[in-house]
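User: I've got a model open and want to talk through its charged side chains. Can you walk me through them?

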Amino acid sequence: MKNIAAIIPAYNPQQSLITYVHQLLATTITQIIIVNDGSDQKYKGIFEDLKKIEGCQVLQHRNNIGKGGALKTAFTYIREQKRIFHGVLTVGAHGQHTLQDVKLVLTMTKVFSEGIVLGVRNFHSVDSTFLSYWGNRATSLFFELLYHRKLMDTQTGLRYISMNELPWLMKVKGERYDYDTNMLIAALKRKCPIFEVEIGQLRIKKNSIIQYDEIINASSIITRMLMNYLRPRNNDN
């Protein structure tokens, strides 16, 4: 059985995150690392309760630096541990990813043991708006145009990452949502395997922190993607 840690970047999470963590720990996940990315003080009680859960570690950012920065903080923490992990699973804190979706990606890691496994969302669900559907299509098509690789969901936050990939992932640029795309661009440049697993329907949590989740402005993603493409090549990606 693989030793897999789940990483949850959290900014102003709801009380339901506590129940979700218990559910994740009932799967094959052996440890959960939650990064409190500068949440408001009124959410302190939620994080205090999370700290009491066996197998759950809470890391703290004084200020909100973004999802990408939170992920890299967790990557650093995992690499510094003496415990040996085979890989990490990144999961959203706002109910975007069902337990069933998580279990499906975990199951597929038995087949795709190396590289990055993406949980690809279904944008044909009732929760999906016209803009979110075509926004996802636009970013995927633009990604394919620039990098010659078709990926159906470049912004999904449900990802399994082999432990071997963490050293270079910690150096990838991007502290906020752009890190999701930069990760994939860097993976292609390094010829790191990327696999796609179709998961359940898109889930949009009402009143969630949109800029922190995966549902964001397509034009911003495309602009960042183009800037990355035009930027002089270097070795840290």
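User: Is E175 buried, partly exposed or exposed?

Analyst: Keep in mind that this is a predicted model. The relative accessible area of E175 comes out at 39%. Partly exposed covers the range between 20% and 50%, so E175 is partly exposed.

User: Which residue forms a salt bridge with E175, and is that partner buried or exposed?

Analyst: The partner of E175 is K72, with the closest N and O atoms 3.0 Å apart. The two sit 103 residues apart, E175 in the loop between α6 and α7 and K72 in helix α3, so the pair links distant parts of the chain. K72 has a relative accessibility of 10%, and the cut-off for buried is under 20%. So the partner is K72, and it counts as buried.

User: Which helices hold D180 and K67, and how many residues apart are they?

Analyst: The side chains of D180 and K67 meet in a salt bridge, 2.9 Å from N to O. This pair also links distant parts of the chain, with D180 in helix α7 (residues 178–189) and K67 in helix α3 (residues 67–80). Both D180 and K67 are buried. The helices are α7 and α3, and the two residues are 113 residues apart.

User: What about K52 and D49: which is exposed and which is partly exposed?

Analyst: Their side chains meet in a salt bridge at 3.8 Å, N to O. D49 has a relative accessible area of 31%, so D49 is partly exposed. At 67%, the exposed one is K52.

User: How many salt bridges does the structure hold?

Analyst: We've gone through some of them, including K52 with D49. For the structure, the count is 4.

Notes: Residues numbered from 1 in each chain as written. Predicted model: local features only at pLDDT ≥ 70, side-chain atom pairs only at ≥ 80, totals over all residues. Heavy atoms only, no water. Buried < 20%, exposed > 50% of the residue type's maximum accessible area, 1.4 Å probe, protein only. Helix = DSSP H or I, 4+ residues; strand = E, 2+ residues; numbered from the N terminus.
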